[in-house]
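Hi,

Here is the structure I said I would pass on. Have a look at it first, and my notes follow below.

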Amino acid sequence: MTDVSSASFIPRRVSGPQGARETIAADGAAIVSGLPDEASAVAFARQVMGDKAVRCGTQFEATKTGGAREAMTVAAQPADHRGRKRDFGSAEERMVAHNDGFAFGDYAPDHLFLWCERPADTGGDSFLVDTARLMALLDADPAHADLVDFCRTVDIDHSEPNYPQGAFTPITRTTPSGRFQGRFHPYLAPVEGPAEKAHWPFVRSWEARVHQARDTGPMFRVEAGEMICIDNYRVLHGRDGHSDPQRKVCSIWGWSRDAVAIPEGPLDIVVPKIPMAS
Ligand SMILES: [Fe+2]
């Protein structure tokens with residue numbers, strides 16, 4: 001099996017918005033420190049996007065209690081007609097690697113900033129998976145030629161169960177602004193129709209490679225006042241399980257002029273309606 005562990009990486013620690021911007025462009029992510037509160041974290045995030053910043057703000061605060069409350073609401077939502085069921089999981093479980101805002105399709109933020117107010121006492125380490133690197137590793141192995149071709153060229157359904165996005169796109173693409181985008185989340189599915197059965201093995205194979213990168217690569221601890229700055233189009237993220245109710249991480253979503261689409265208002269991940277469809 002192809003070794004894809006190097007698609008998972010520990011971001012470099014840098015200082016200053018420009019250092020973060022340059023490192024995100026080169027590596028897909030960077031870590032900065034010395035941000036004492038949420039307001040300074042949001043302000044720094046906006047500075048990282050610089051002249052290109054359009055929208056930036058705290059999307060939600062990940063705490064064990066808040067997560068459990070949202071998870072109950074989502075658990076009450078029905079499965080869709082294909083049997084896909086939304087599930088936020090629990091804090092104790094290792095997260096599935098994902099791009100944030102995946103439910104919103106083109107309206108997902110192109111930047112993500114994870115500011116740590118308080119880490120878990122034990123566990124909860126972070127991981128990142130660079131989908132550009134993952135695709136390059138797969139592309140270097142002829143055994144994966146069909147999977148690579150599928151990821152680049154075949155439209156799939158990126159929606160969450162019961163919240164259709166109204167458009168289908170490949171797993172990876174280059175956006176109109178020239179950014180590489182590689183996507184994964186727990187609900188990827190083929191487009192319904194005659195080719196659906198033939199496409200499922202490719203979607204499952206992509207899923208397996210993403211899980212493999214997550215589980216064979218490094219994880220890293222983020223301390224209070226530190227922030228992971230992420231190219232949310234290119235890099236998947238998540239954290240290991242933990243059981244500390246005091247852990248608190250803020251997800252700050254940023255849209256720059258490079259984003260494919262920019263929403264006019266806040267997005268609701270509990271009821272993820274696509275802005276244009278609402
Ligand atoms: Fe996330």
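His237 is buried, since its relative accessible area of 5% falls under the 20% cut-off. Keep in mind that this is a predicted model. His98 goes the same way: at 10% relative accessibility, it counts as buried too.

I started with those two because both bind the metal: the protein donors of the iron ion are His98 (NE2), Asp100 (OD) and His237 (NE2). They lie 2.1 to 2.2 Å from the iron ion, and along the chain the donors follow the spacing H-x1-D-x136-H. So where do His98 and His237 sit, given that the pair links distant parts of the chain? His98 is in the loop between helix H3 (64–75) and strand E4 (111–118), while His237 belongs to strand E11 (residues 235–239), and the two are 139 residues apart.

The other thing I looked at is a helix pair. Helix H4 (residues 131–139) packs with helix H6 (residues 196–216) at an angle of about 110°, and their axes are 11 Å apart. That angle makes H4 roughly perpendicular to H6, because anything from 65 to 115 degrees counts as such. The crossing of H4 and H6 is right-handed.

Which residues meet there? From H4 you have Thr131, Leu134, Met135 and Leu138, and from H6 Trp206, Arg209 and Val210. Sorted by class, the contact of H4 with H6 has five nonpolar residues, one polar and one charged.

Cheers

How values were computed
Residues numbered from 1 in each chain as written. Predicted model: local features only at pLDDT ≥ 70, side-chain atom pairs only at ≥ 80, totals over all residues. Heavy atoms only, no water. Donors = N, O, S within 2.8 Å, 3.2 Å for Na, K, Ca; no water. Helix = DSSP H or I, 4+ residues; strand = E, 2+ residues; numbered from the N terminus. Buried < 20%, exposed > 50% of the residue type's maximum accessible area, 1.4 Å probe, protein only. Axes fitted to C-alpha atoms, helices over the stretch in contact; angles between N-to-C directions. Parallel < 35°, antiparallel > 145°, perpendicular 65-115°, else oblique. Left-handed = near helix turned anticlockwise from the far one by under 90°. Contact = heavy atoms within 4.5 Å. Nonpolar A, V, L, I, M, F, W, Y, C, P; charged D, E, K, R; others polar.
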